[in-house]
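Let's take a walk through this structure together, one neighbourhood at a time. Keep the viewer open and follow along.

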Amino acid sequence: MTNSTEIRSFRIDITDADLEDLRTRLANTRWPAEVAGTGWERGVPVGYLKDLAANWRDGFDWRAAEAELNAHPQFVTTVDGQDFHFLHVRSANEDATPLLLMHGWPSSVVEFLDLIPLLTDEFHLVIPSLPGFGFSTLSGPGWGNLFRVSGAIAELMTRLGYERFAAQGGDVGAGVVGMLAMLHPRRVIGTHVNGPAPYPFGPPVELDGLSDAEKVRAERFNAFREDGIGYLVQQATRPQTLAYGLADSPVEQLAWIAEKFREWTDPAAELPEDAVGRDRLLTNVSLYWFTGTGATAAHVVYEGMQAFKEFMASAGEQHDGDQQWNADAPPPPPGAVAVFAADNSIRHLVDPMGTVVRWTEFDRGGHFAAQEVPELLAADVREFFASLR
């Protein structure tokens, strides 16, 4: 690791020994018992996971996935002591707009592979791995704080020569995009996020006054609050206990991610691979496994939740003190929101100030829109940023 501003070339090269270790661990899995007559309501079914793990061991071609990733220029630079891995795919059009693409959890740069060719006519793409995810190996504590992450991402864009840039993201990535707009409003051309949802530890959403479509999303969100946040509670409170299983057992890492791809993708998809394909799913899981970042990502979630609580407490104190927003601050850049079929976005809750200038709803896709429906997401991104020129 270096603290210079140098940008170093990077190439993924997982060793044969690591591949053989994965196959051995998968072959030696000690499978749990399953209660007869149960299904996905208790977690990932044993039969399904056995089949998926066998495919990972004997059918999935990591070398092909590695070559696909390596077909795009990759780099690493160190900001504030933290290594940031990123893809930098420049358009043939020198006047193209720089566009930052930010992934969330449990995702990675893999999410954008099918989106890249749909955007490079109009955008220079910068696609970082979040700290503690993939090849952005975690250097120490504090990188769950999105203020810090956003500052580092802004510095990354400066090092690449992009004074002004557009930004798109989902999940945690949407949080980074929002912070960039807050901290650097003069640099951010506009923001585009997909699938923002109400705070999961807040009260249930009231249904009165909602449109029919929003009632469906609100009811789904309320059910999620009661039955779907176990993963978040565990990561937000005891990440180290969880980390042992994620670091030692590839089947645990597989189940941890596959469950979310089943629950958060297009409602019409019965299984995760029906939404994103097995190769894409296993490429994403493999990236977490080979880098050991299932465990560090859990710690980042923990720190992020702690930072959010502190931020909300500080905001409450400012409100109680009747402090006013700085009237001299520049206005926020224009924002767009894309809502896909599995998303729980309620407009008045995610846009209380009415600052979003484009709100688009789709009848397909979900949390991993860049993988599930890349053509829909790409079209919405292109149309929004074209409207700002």
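Is glutamine 168 buried or exposed? Before the answer, please keep in mind that this is a predicted model. Glutamine 168 has a relative accessible area of 1%, so it is buried. You will find glutamine 168 in strand S6, which covers residues 165-170.

Now look at what the side chain of glutamine 168 touches. One polar contact, at 2.8 Å, joins it to the side chain of asparagine 194. Another, at 3.5 Å, runs from the side chain of glutamine 168 to the side chain of histidine 192.

Histidine 192 is a handy stepping stone, since its bridge partner in strand S8 is alanine 336. That bridge brings us to the pairing of S7 (residues 188-194) with S8, which is parallel and runs over four bridges. S8 also pairs with strand S9 (residues 356-361), again in the parallel sense, this time over five bridges. At this second pairing, valine 339 stands opposite glutamate 361 in S9.

How many of the five residues of S8 are buried? Five of the five are, so the strand, spanning residues 335-339, is mostly covered. It helps to recall that side chains in a regular strand alternate between the two faces of the sheet. In S8, both faces are covered: Gly335, Val337 and Val339 are buried on one side, and Ala336 and Ala338 are buried on the other.

Let's leave the strands and turn to the aromatic rings. A search of the whole structure finds 17 aromatic pairs. One of them brings together tryptophan 105 and tryptophan 256: the ring centres are 6.4 Å apart and the planes lie at 70°, so the pair is edge-to-face. Here the cut-off is worth knowing, because planes over 60 degrees apart count as edge-to-face. Where do these two tryptophans sit along the chain? Tryptophan 105 belongs to the loop between strand S4 (97-102) and helix H4 (116-119), while tryptophan 256 is part of helix H10 (residues 250-263). They are 151 residues apart, and their pair links distant parts of the chain. Tryptophan 105 is buried, with a relative accessible area of 5%, and tryptophan 256 is buried too, at 15%.

A second pair to look for is tyrosine 231 with tryptophan 264. Their ring centres are 5.3 Å apart and their planes are at 70°, so this pair is edge-to-face as well. Tyrosine 231 lies in helix H8 (residues 230-237), and tryptophan 264 in the loop between H10 and helix H11 (272-276), so the pair ties together parts that are 33 residues apart in sequence. Tyrosine 231 counts as buried at 11% relative accessibility, and tryptophan 264 counts as buried at 12%. Step back and you can see how these rings belong together: ring pairs link Trp105, Tyr231, Trp256 and Trp264 into a cluster.

While tyrosine 231 is in view, try a distance across the model. The C-alpha atoms of tyrosine 231 and alanine 369 are separated by 21 Å, with their positions 138 residues apart along the chain.

H10, the helix that carries tryptophan 256, deserves a look of its own. With 14 residues, H10 reaches 20 Å from its first C-alpha to its last, close to the 20 Å expected at 1.5 Å a residue. Which kind of surroundings does H10 have? The helix is mostly covered, with eleven of its 14 residues buried. Among them are Pro250, Val251, Leu254, Ile257 and Phe261, and also Gln253, Glu259 and Lys260.

Another ring has a charge for company. The charged end of arginine 148 sits over the ring of tryptophan 143, 3.9 Å from its centre.

Finally, let's visit the early part of the chain. An unreviewed UniProt entry lists residues 7-112 as "domain: Epoxide hydrolase N-terminal". This span is 32% helix and 23% strand, and its end C-alpha atoms lie 22 Å apart. Serine 91 can be found in the loop between strand S3 (82-89) and S4. At 6% relative accessibility, serine 91 counts as buried. Its C-alpha atom is separated by 5.9 Å from that of aspartate 121, although the two residues are 30 residues apart along the chain.

Note on methods:
Residues are numbered from 1 along each chain as its sequence is written. This is a predicted model: local features need pLDDT of at least 70, side-chain atom pairs count only at pLDDT 80 or more; totals for chains, interfaces and linings use all residues. Side-chain values use heavy atoms; hydrogens and water are left out. Rings of Phe, Tyr and Trp (its six-membered ring) pair if their centres lie within 6.5 Å; planes under 30 degrees apart count as stacked, over 60 as edge-to-face and the rest as tilted. Buried means under 20% relative accessible area, exposed over 50%, partly exposed in between (1.4 Å probe, protein chains only). A charge sits over a ring if NZ of Lys or CZ of Arg is within 6 Å of the ring centre and within 35 degrees of the ring normal. The expected span of a helix is 1.5 Å times one less than its number of residues. UniProt positions are given in the numbering used here, feature names are shortened, and annotations may be inferred rather than shown by experiment. Two strands pair if DSSP finds at least two bridges between them. A polar contact is a pair of N or O atoms within 3.5 Å; within protein, one must be able to donate a hydrogen and the other to accept it, and residues adjacent in sequence count only if both atoms are side-chain atoms.
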